[in-house]
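Colleague: I have a model open here and would like to talk it through with you. Can we start with how the strands pair up?

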Amino acid sequence: GIYDLFSQLKRDGHEITFANIDDPGEIVDWIEDPLNQLYIARHNQQIVGVMRAKLGTGPTSHSCEITIAVSAEYRQQGIAKSLVNYGLSDVRHQGITVARGMVFSDNKASLNTLLSSGFSVTGSILKHHYNEKSSLYVDDVTLFKELG
């Protein structure tokens, strides 16, 4: 089901890390890797959303980097925000004190989700990504949340 969601994102032209998954075995690797915490949203047994918290190691073992995706027909229903809040609460109980995310500056929905979940913008990489749909370069916005 996770692979089906990721394949849908790719077909729809979304430029997110999840859309780059070409082999369901990669998802199995994620599930088996304790550094990847996956959180799933379902509706009628269909996976409609996924959040991954990639936990840091060594000097960054206090932190995680998150990535979120929700199926197009289930967006604007609070699923992404619920995944973020639930997932961050869970990793906080595992000792993670900092969460980070990177969002393209033209992805207003994802920016709003993270900002409304208590993240702050801490910087950006200017014109880091070329958006083929708009034929424009967009920034990568870095967001941060202290989980303490």
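Modeller: This is a predicted model, and a good place to begin is β4 and β6, which pair in the antiparallel sense over 7 bridges. Within that pairing, A99 stands opposite K145 in β6.

Colleague: And where does A99 itself sit?

Modeller: A99 belongs to strand β4, which covers residues 98-104.

Colleague: Is A99 buried or exposed?

Modeller: A99 has a relative accessible area of 0%, and because buried means under 20%, that residue counts as buried.

Colleague: Which residues does A99 touch, leaving out those up to four places away in sequence?

Modeller: With those set aside, A99 touches C64, L88, F119, L143, F144, K145 and L147. One of these, L143, is 44 residues from A99 along the chain, and the two C-alpha atoms are separated by 8.3 Å.

Colleague: OK, zooming out, in what order do the strands of the sheet come?

Modeller: The sheet is open and is formed by 6 strands in the order β1-β2-β3-β4-β6-β5, with mixed pairing. β1 and β5 stand at the edges with a single partner strand each, so one side of each has no neighbour in the sheet. From one strand to the next, the twist averages 25°.

Colleague: What packs on the sheet?

Modeller: Helix α3 packs on the sheet, where it touches β1, β2, β3 (63-70), β4 and β6, and the direction of α3 makes about 145° with that of β1.

Colleague: While we are on α3, at what angle does it pack with α4?

Modeller: Helix α3 (residues 79-93) and helix α4 (residues 108-116) pack at an angle of about 40°, and their axes are 10 Å apart. The two helices are therefore oblique to each other, and their crossing is right-handed.

Colleague: Which residues make that contact?

Modeller: On the α3 side the contact is made by A80, K81 and V84, and on the α4 side by T113, L114 and S116. By character, the residues of this contact divide into 3 nonpolar, 2 polar and 1 charged.

Colleague: Back to the edge strand β5, how many bridges join it to β6?

Modeller: Strand β5 (residues 120-131) is joined to strand β6 (residues 136-146) by 8 bridges, and the two run antiparallel. As an example of the pairing, H129 has V138 as its bridge partner in β6.

Colleague: What about the turn of that hairpin?

Modeller: The hairpin of β5 and β6 has 4 residues between the strands, and S135 there takes a positive phi near 60°, in a residue other than glycine. S135 is partly exposed, with a relative accessible area of 46%.

Colleague: Where else is there a positive phi in a residue other than glycine?

Modeller: Q45 also has one, with phi near 70°, and this residue is found in the loop between β1 and β2 (46-55). The relative accessibility of Q45 is 67%, and for that reason Q45 counts as exposed.

Colleague: Last one: where is D33, and how far is it from I21?

Modeller: D33 lies in the loop between α2 (24-32) and β1 (36-43), and at 25% relative accessibility D33 counts as partly exposed. D33 and I21 are 12 residues apart in sequence, and from C-alpha to C-alpha they are 16 Å apart in space.

Note on methods
Residues are numbered from 1 along each chain as its sequence is written. This is a predicted model: local features need pLDDT of at least 70, side-chain atom pairs count only at pLDDT 80 or more; totals for chains, interfaces and linings use all residues. Side-chain values use heavy atoms; hydrogens and water are left out. Two strands pair if DSSP finds at least two bridges between them. Axes are lines fitted to C-alpha atoms, for helices over the stretch in contact, and angles run from 0 to 180 degrees between N-to-C directions. Angles under 35 degrees count as roughly parallel, over 145 as roughly antiparallel, 65 to 115 as roughly perpendicular and the rest as oblique. A crossing is left-handed if the near helix is turned anticlockwise from the far one by less than a right angle, and right-handed if clockwise. Contact means heavy atoms within 4.5 Å. Ala, Val, Leu, Ile, Met, Phe, Trp, Tyr, Cys and Pro count as nonpolar, Asp, Glu, Lys and Arg as charged, and the others, Gly among them, as polar. Buried means under 20% relative accessible area, exposed over 50%, partly exposed in between (1.4 Å probe, protein chains only).
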